[in-house]
Amino acid sequence: MELEQKHCIPCEGIGKSLDPETVKVSKAELHDDWQVSKDNKAISRDFKFKNYYQTMAFVNAIAWMAHRENHHPDLEVGYNHCLVRYSTHALNGLSENDFICAAKVDCLFQPV
């Protein structure tokens with residue numbers, strides 16, 4: 001099943017964070033612009049937009065999806081960009097939930 005078709009499970013039931021090899025395999029399923037942090041504990045991507053309205057529409061779409069999945073990113077929002085960062089804080093690292101949500105964010109993005 002493709003990542004964007006999966007749903008998140010409660011973080012408390014996951015057990016432990018993903019190992020570096022699983023992170024590498026999972027990242028390959030995302031858009032190339034996603035970056036893995038040096039400590040392997042987070043993934044992030046900066047999305048660019050023409051204006052503030054498009055940026056905020058994207059942020060609101062992410063908020064809706066995050067609420068449905070009960071897995072929430074850290075967002076840094078500017079006039080024409082939104083930096084999306086996922087990490088499973090309960091595990092102090094990455095989980096499949098992070099990659100599921102990142103794939104769903106990729107589906108929401110409509111390039112300018």
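Two strands count as paired here if DSSP finds at least two bridges between them. The exercises below apply this to the structure above, which is a predicted model.

**Exercise 1. Work out how strand 1 and strand 2 are paired, and describe the connection between them.**

Solution. Begin with the bridges: strand 1 and strand 2 are joined by two of them, in the antiparallel sense, and since the criterion asks for at least two bridges, two are enough for a pair. One of the contacts across this pair can be located by residue, for Val-36 has Ile-43 in strand 2 as its bridge partner. Next, follow the chain from one strand to the other: the two strands form a hairpin with six residues between them, and within the turn Asn-40 has a positive phi of about 65°.

**Exercise 2. Establish the order of the strands in the sheet, and say which strands lie at its edges.**

Solution. As background, strands of a sheet pair through backbone hydrogen bonds, either parallel or antiparallel. Step one is to take the pair formed by strand 2 and strand 4, which run antiparallel and are joined by six bridges; in this pair Ser-44 stands opposite Arg-85, while Asp-46 has Leu-83 of strand 4 as its bridge partner. Step two is to take strand 3 and strand 4 (residues 81-86), which also run antiparallel and are joined by five bridges. Here Leu-75 stands opposite Val-84, and Gly-78 has His-81 as its bridge partner in strand 4. The connection in this case is a hairpin with two residues between strand 3 and strand 4. Step three is to assemble the pairs, which gives an open sheet of four strands in the order 1-2-4-3, with antiparallel pairing. The edge strands are therefore strand 1 (35-36) and strand 3 (74-78), because each pairs on one side only, a pair being two strands with at least two bridges between them.

**Exercise 3. Place the helices relative to the strands, and decide how the overall dimensions compare with those of a globular protein.**

Solution. First count the elements: the protein has three helices and four strands, and along the sequence they follow the pattern α-β-β-α-β-β-α. The radius of gyration is 13 Å, close to the 13 Å that the globule rule gives for 112 residues, so the protein is as compact as a globular protein of that length. The C-alpha atoms fill a box of roughly 40 × 25 × 25 Å along the principal axes. As for contacts, among those with a separation of 6 or more, 66% are between residues 24 or more positions apart. One pair distant in sequence is Gln-5 and Ile-100, which are 95 residues apart along the chain, yet their C-alpha atoms are separated by 8.0 Å. Gln-5 lies in the segment before helix 1 (20-27), and at 49% relative accessibility this residue counts as partly exposed.

**Exercise 4. Identify the residues and elements that build the largest nonpolar core.**

Solution. Start from the buried fraction, which is 39% of the 112 residues. The largest nonpolar core has 23 residues, and those that touch the most other members are Trp-34, Phe-58 and Tyr-86. Then ask which elements contribute: strand 2, helix 2 (52-69), strand 4 and helix 3 each give two or more residues to this core, and helix 3 gives the most, with six. For a closer view, take Phe-58, which, leaving aside neighbours within four places in sequence, is in contact with Phe-47, Phe-49, Cys-82, Val-84, Val-105, Leu-108 and Phe-109.

**Exercise 5. Decide whether Asp-106 is buried or exposed, and list its contacts.**

Solution. Asp-106 is found in helix 3. Its relative accessible area is 18%, and the cut-off for a buried residue is under 20%, so Asp-106 is classed as buried. Leaving aside neighbours within four places in sequence, Asp-106 is in contact with Leu-30, His-31, Trp-34, Arg-45 and Phe-47. For comparison with the whole surface, the accessible area of the protein comes to about 6,700 Å², of which 51% belongs to carbon and sulfur atoms.

Notes
Residues numbered from 1 in each chain as written. Predicted model: local features only at pLDDT ≥ 70, side-chain atom pairs only at ≥ 80, totals over all residues. Heavy atoms only, no water. Rg over C-alpha atoms; globule rule 2.2 N^0.38 Å. Buried < 20%, exposed > 50% of the residue type's maximum accessible area, 1.4 Å probe, protein only. Contact = heavy atoms within 4.5 Å. Areas by Shrake-Rupley, 256 points an atom, 1.4 Å probe, with all protein chains shown as cover. Core = buried A, V, L, I, M, F, W, Y, C linked by side-chain atoms within 4.5 Å.
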